[in-house]
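Got the viewer open and a selection box ready? Here's a walk through the fold, one stop at a time.

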Amino acid sequence: MIRTGQQYRDSIRDGRRIWVNGERVDDVTTHPQFKPLVDIRARIFDMQHEAAHQELMTVVEDGERNALGSALPYSQDDWWAKRRATDHMLNEIGGVVTRVGDETVGEMWSLYDGQDVLNEVDPQFGKNIKAHITRVLREDPFHVSANTDPKGDRSKAPQDQDPDMLLHVVKETDAGIVVRGAKYETAAAYANQAFTKPTIANWGNNALSDYAVGFICDLGSPNLRFICRTGFAGRADARDYPLANKFDEVDTIVIFDDVLIPWENVLFYRHTKAATFIRATLHRYSAFAFVQRNLKLADMMIGAALFNARQTGLDKQQAVQEKLAQLAVYREGINAHLTAAIALGERSPAGLMMPNQSLLYTGRVLACSQLHEMMHIARELCGGQICVTPDVGSFENPETKPWLDKYYTINDEWQAEDRRKLLAFARDMLNSDYAGHRLTFQLFAQSPPFAHLAAVYRNFGWDGPLAFVKEAAGLSDRVMGGKTLSAGDSAVSSWFSTDISTHARRTAAE
């Protein structure tokens with residue numbers, strides 16, 4: 001059943017050991033570094049109960065109302081509903097938050113698709129993933145993902161250095177496995193559970209490895225420690241830094257100091273085939289929500305840049321219009337990839353509807369690799385005032401207010417206070433330490449850039465271009481080494497196919 005915001009707050013008051021700024025946190029729900037995001041997550045839970053939002057954000061299955069973001073996708077309509085719900089949620093909270101659960105629960109759906117791989121290891125693991133997907137839907141926890149290890153010396157195998165540099169199993173018990181190591185995860189300090197899985201690691205040619213382990217971790221478990229980076233909230237007046245004070249998602253290194261993982265929470269263990277599968281397919285669903293966040297960030301940049309150009313009349317200049325058009329092209333490029341990924345969705349091995357994998361991963365590369373350029377264009381359009389404008393205190397001080405009112409008022413439409421608010425918003429989005437953090441976060445949050453491109457390489461339909469050139473150049477069949485090519489535009493063949501199963505052209509090779 002869908003939770004309330006208060007139920008969520010109560011669930012994370014579980015005695016977990018959290019540190020930030022070198023100090024122990026007594027209550028994560030009230031600490032100033034965490035409270036803004038806890039409040040937003042609680043607000044999202046409450047929205048699911050309110051008449052104005054409930055139909056958009058929830059779904060009724062088997063007589064129960066559940067969070068739409070956690071529901072398994074079976075059709076294109078399901079993906080449109082998820083996209084609509086996310087857009088509605090971001091509009092309601094007035095900003096972009098990445099870690100709210102919908103973008104990480106999809107990682108478990110990839111294991112749902114890989115039940116045959118899990119069953120080769122142990123049939124119980126396939127049952128476990130089904131049970132946890134149902135549990136997330138029915139109990140509505142705040143679910144996140146724990147992926148990246150400290151790694152240590154990457155030129156060495158895990159076992160050839162401090163073994164704790166990558167999370168690993170140290171022993172088995174009748175109750176479960178005991179793990180040791182560390183993982184980085186945004187929002188872990190104020191979430192309920194994490195899908196914990198192996199990083200990209202050198203397992204060698206071994207079929208078995210103590211580092212090849214994936215499980216659901218209850219973030220209230222004993223022997224966990226949360227060491228957080230210093231947040232941006234509270235550093236300065238929220239009126240000067242409206243984004244940093246409300247939307248900073250605090251990143252955490254989670255220390256696993258011999259943590260017991262019950263067998264029912266273990267999704268795979270030791271078999272590197274299972275670990276390799278999940279690394280290759282991890283984001284086949286979750287990338288959609290991640291890329292959609294970039295779409296909303298593009299809207300923020302366009303809105304701030306256009307308002308800044310219009311207030312001074314610069315939007316009439318061709319050079320300014322060209323830069324605004326570049327932002328629009330970036331935004332619509334992301335939009336096109338998301339839209340086409342739904343329209344040309346593919347049936348997964350377990351019968352789910354995947355967004356078109358080539359288009360989704362290509363859209364992720366577009367969104368992440370060009371973000372820094374788009375931020376620079378938006379910065380140019382907003383102008384140097386985002387770095388020289390005085391703070392709100394100066395706009396309110398009786399001695400300085402008249403001067404700032406005079407020089408920041410342009411006309412009846414743009415008075416000093418609105419200009420100050422707009423410039424503060426643009427500064428925090430484009431020019432602050434929070435802005436720099438978010439730029440790096442977007443680049444690495446799901447995986448590093450080389451992994452983004454590797455996903456494109458694995459999922460692009462190479463047959464069409466090869467078949468076209470083979471025929472156009474008159475090449476013999478010998479050049480294909482006996483392989484038969486599928487000619488034609490894959491989008492055309494998918495669009496005109498009446499059998500959605502034909503969209504799964506690539507899944508058999510995974």
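Start by selecting R65: at 21% relative accessible area, this residue is partly exposed, since buried would require under 20%. Keep in mind as you click around that this is a predicted model.

**Stop 1: the partner of R65**

Now add E55 to the selection. The two side chains form a salt bridge, with 3.6 Å from N to O. E55 sits in helix 3 (residues 54-57) and R65 in strand 4 (residues 64-67), and the two are 10 residues apart. How exposed is E55? Its relative accessible area is 59%, which puts E55 in the exposed class.

**Stop 2: K296 and D87**

Next, pick K296 and D87. Their closest N and O atoms are 2.7 Å apart, and the pair makes a salt bridge. K296 belongs to helix 10 and D87 to helix 4 (residues 76-93), so this contact ties together parts that lie 209 residues apart in sequence. K296 counts as buried, with 13% relative accessibility, while D87 is partly exposed at 32%.

**Stop 3: D240 and what surrounds it**

Jump to D240, in the loop between strand 10 and helix 8. Buried or exposed? D240 has a relative accessibility of 6%, so D240 counts as buried. A salt bridge connects D240 with R427, the closest N and O atoms being 3.7 Å apart. R427 is in helix 17 (residues 416-430), 187 residues apart from D240, and R427 is buried too. To see what else touches D240, show D391, V392, R420 and A424: together with R427, these are its contacts once neighbours within four places in sequence are set aside.

For a network view, select R99, D102, E103, E185 and R293, which are joined by salt bridges that share partners. Across the whole structure, a search turns up 40 salt bridges.

**Stop 4: the four-stranded sheet**

Switch to cartoon. Which order do the strands of the open four-stranded sheet follow? The order is 5-8-9-12, and the pairing is mixed. Strand 5 (143-146) and strand 12 (266-271) are the edges, each pairing on one side only. On average, neighbouring strands here are turned by 20° against each other, ignoring direction.

Zoom in on strand 5 and strand 8 (residues 193-196): they run parallel and are joined by four bridges. Show S145 as sticks and you'll find F195 of strand 8 standing opposite.

Two helices lie across this sheet, so bring them up in turn. Helix 7 (residues 123-139) crosses strand 5, strand 8, strand 9 (208-218) and strand 12, at about 145° to strand 12. Helix 9 (residues 272-281) lies across strand 8, strand 9 and strand 12, and its angle to strand 12 is about 120°.

**Stop 5: the six-stranded sheet**

Now find the open sheet of six strands, ordered 2-1-10-11-7-6, again with mixed pairing. Strand 2 (23-24) and strand 6 (168-172) each have a single partner strand, so one side of each has no neighbour in the sheet. Inside the sheet, look at strand 1 (residues 17-20) beside strand 10 (residues 224-228): they pair in the parallel sense over four bridges. Select W19 and I227 to see one of the bridge partnerships, with I227 on the strand 10 side.

**Stop 6: the nonpolar core**

Turn on side chains and head for the largest nonpolar core, which has 123 residues. Which members touch the most others? They are F34, V179, Y190, L219, F256 and M301. Helix 10 (residues 286-311) gives the largest share of this core, 11 residues.

V179 is a good one to centre on. Leaving out residues up to four places away in sequence, V179 touches L167, H168, V169, V170, F215, F256, D257, D258, V259 and I261.

**Last stop: an annotated span**

Finally, colour residues 276-474. An unreviewed UniProt entry places the feature "domain: HpaB/PvcC/4-BUDH C-terminal" there. How much of that span is helix, and how much is strand? The span is 74% helix and 2% strand, and its end C-alpha atoms lie 39 Å apart.

How values were computed: Residues are numbered from 1 along each chain as its sequence is written. This is a predicted model: local features need pLDDT of at least 70, side-chain atom pairs count only at pLDDT 80 or more; totals for chains, interfaces and linings use all residues. Side-chain values use heavy atoms; hydrogens and water are left out. UniProt positions are given in the numbering used here, feature names are shortened, and annotations may be inferred rather than shown by experiment. Two strands pair if DSSP finds at least two bridges between them. Axes are lines fitted to C-alpha atoms, for helices over the stretch in contact, and angles run from 0 to 180 degrees between N-to-C directions. Contact means heavy atoms within 4.5 Å. A nonpolar core is a set of buried Ala, Val, Leu, Ile, Met, Phe, Trp, Tyr and Cys residues joined through side-chain atoms within 4.5 Å. Buried means under 20% relative accessible area, exposed over 50%, partly exposed in between (1.4 Å probe, protein chains only). A salt bridge is a side-chain nitrogen of Lys or Arg within 4 Å of a carboxyl oxygen of Asp or Glu.
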